[in-house]
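User: Could you take me through one part of this structure up close? I'd like to see how a few neighbouring pieces of the chain fit together.

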Amino acid sequence: MINPSATGWIDKFFLDQKSLTNSVIENPDFFYSKVRDTGFIYGYIISFQTPIFVDNKGWTEDEITKIALLNTLFGVYKITTLETNPEKYISKVLAFYNEMHPQGFNLFKKILPSNSNSLNLEKIIDTRIQTNIDIINKQFSHVLTNALLFVDVLAFQHYLTHDSIPEKYLKKIEETIISLVSLALKTKSNKTKYDDLLIKLFEASVRYSKFSNVSIQNLEELKLDYFTSDLEKYYLIDLAGMALWSDGIVEKNEAYFLHKLAEFMTISDDFVIESIEKTNGFILKHKKKIPYFNYSNPVKHFFDHTTQTVIKLVIRNKNRLLKEIIQSKELMLLLAYSTRRDLTEKEKKKVKKQLLDICKTVPSLAIFLLPGGSLLLPIFIKFIPTLLPSTFNENLESED
């Protein structure tokens, strides 16, 4: 089973998915449709477009996104180059990211020259799915940041076609997305509490541009003829449709906006109808789990999200954590005391320090070692009793 948080996961992915390299090359329309069905376009990934099923039960959102980004980039590589060799793909995507230099976003600070191409790509993807903002805002805009990862896929296709990325391409597509979403929201008949939030989230999620005020007033000003790839056009229509979504009801003026957008980009009305149906179906099915629709209180969401993450990490590393805790006699003693009385401040500091030391031995728990990671320890400590043997409290009682 693949572990996206352990070194070597890219090689393991291609080893498990050998048939990916022998599969029939898809046409762009079919490729995009399958990617949209995974949720990658919407920023909430539920599955992977792979020949062999990948079980992501218990994975964190970042781990799911890593596999999705790697696989989607490989998909666009195949349909653009008609090549299926993983080594050539990895080499090409490394060259692509080497040419991308977002403002204040250096992908290659952590890369060592001695690393293999696949390990270097692992570091890039790990960095790529992160944001440059503080941890609470990171969780607040997580779903939009993931949705905008498809910009990487479009830029990679452009790179494969032209062997370079025009300096203004990345900035242009992000500016178009922000302007398009803003225009779409203005056409809505029924405003919702999510509308202002959506534009702020998109603005917080861009990597290549900084926005003050959106000045575009109509579709004509967007100069959409700049985008010639069908994948670019499909993506822009889907994002506009997502912005317009409101409890499954598409008003006439909203549908007109999407059809007019498609007309400007010479995309058929059939695609617009499909886009509306697909977006509506996906959001209705997964609305309760999509972070964007549950952001009434970003701080509460941050706590809920991190709690779920910690629980997953604790469960995944249960055996190793239990072994390390039992081997630490002082920690076990303090935990025993905590079941009968409140620990002193000095004792609490010792518990936190020793737990952090234990986390250093488990790579998946590196989250606790990051700046601010100690704030997650109370959540971690809360679930420690579930790790301990059932005789733990009984033994304490026998000592009284």
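Analyst: Happy to! One term first: two residues are in contact when heavy atoms of theirs lie within 4.5 Å. Please keep in mind that this is a predicted model.

Let's start with the setting. The chain has 400 residues, and 52% of them are buried. Its secondary structure comes to 19 helices and 0 strands. Of the contacts with a separation of 6 or more, 73% are between residues 24 or more positions apart.

Now to helix 1, which spans residues 9-16. Trp9, Ile10, Phe13 and Phe14 are buried there. These four cover an arc of only 135° around the axis, so they sit on the same side of helix 1. What lies over them? The cover over the buried residues of helix 1 includes helix 3 (61-81), helix 4 and helix 5.

Two of those covering helices, helix 4 and helix 5, also meet each other, and this pair is worth a slower look. Helix 4 runs through residues 86-99 and helix 5 through residues 117-128. Their axes come within 10 Å and cross at roughly 45°, which makes helix 4 oblique to helix 5. The crossing is left-handed. On the helix 4 side, the contact is made by Ile90, Ser91, Val93, Leu94 and Tyr97. Facing them from helix 5 are Asn117, Ser118, Asn120, Leu121, Ile124 and Arg128. By character, the residues of this contact divide into 6 nonpolar, 4 polar and 1 charged.

If you want one residue to centre your view on, try isoleucine 124 in helix 5. Its relative accessible area is 0%, and because anything under 20% is classed as buried, isoleucine 124 falls in that class. Across the crossing, its C-alpha atom is 8.4 Å from that of leucine 94, although the two are 30 residues apart along the chain. Both residues belong to the contact between helix 4 and helix 5.

Finally, have a look at glutamine 49, which is in the loop between helix 2 (28-38) and helix 3. Is this loop residue buried or exposed? Glutamine 49 has a relative accessible area of 15%, so with the cut-off at 20% it is buried. Leaving out residues up to four places away in sequence, glutamine 49 touches Glu26, Phe31, Lys34, Val35, Thr38 and Asn71.

Technical notes:
Residues are numbered from 1 along each chain as its sequence is written. This is a predicted model: local features need pLDDT of at least 70, side-chain atom pairs count only at pLDDT 80 or more; totals for chains, interfaces and linings use all residues. Side-chain values use heavy atoms; hydrogens and water are left out. Axes are lines fitted to C-alpha atoms, for helices over the stretch in contact, and angles run from 0 to 180 degrees between N-to-C directions. Helices (H or I, at least four residues) and strands (E, at least two) are DSSP runs, numbered from the N terminus. Angles under 35 degrees count as roughly parallel, over 145 as roughly antiparallel, 65 to 115 as roughly perpendicular and the rest as oblique. A crossing is left-handed if the near helix is turned anticlockwise from the far one by less than a right angle, and right-handed if clockwise. Ala, Val, Leu, Ile, Met, Phe, Trp, Tyr, Cys and Pro count as nonpolar, Asp, Glu, Lys and Arg as charged, and the others, Gly among them, as polar. Buried means under 20% relative accessible area, exposed over 50%, partly exposed in between (1.4 Å probe, protein chains only). The arc is that of the directions from the helix axis to the C-beta atoms.
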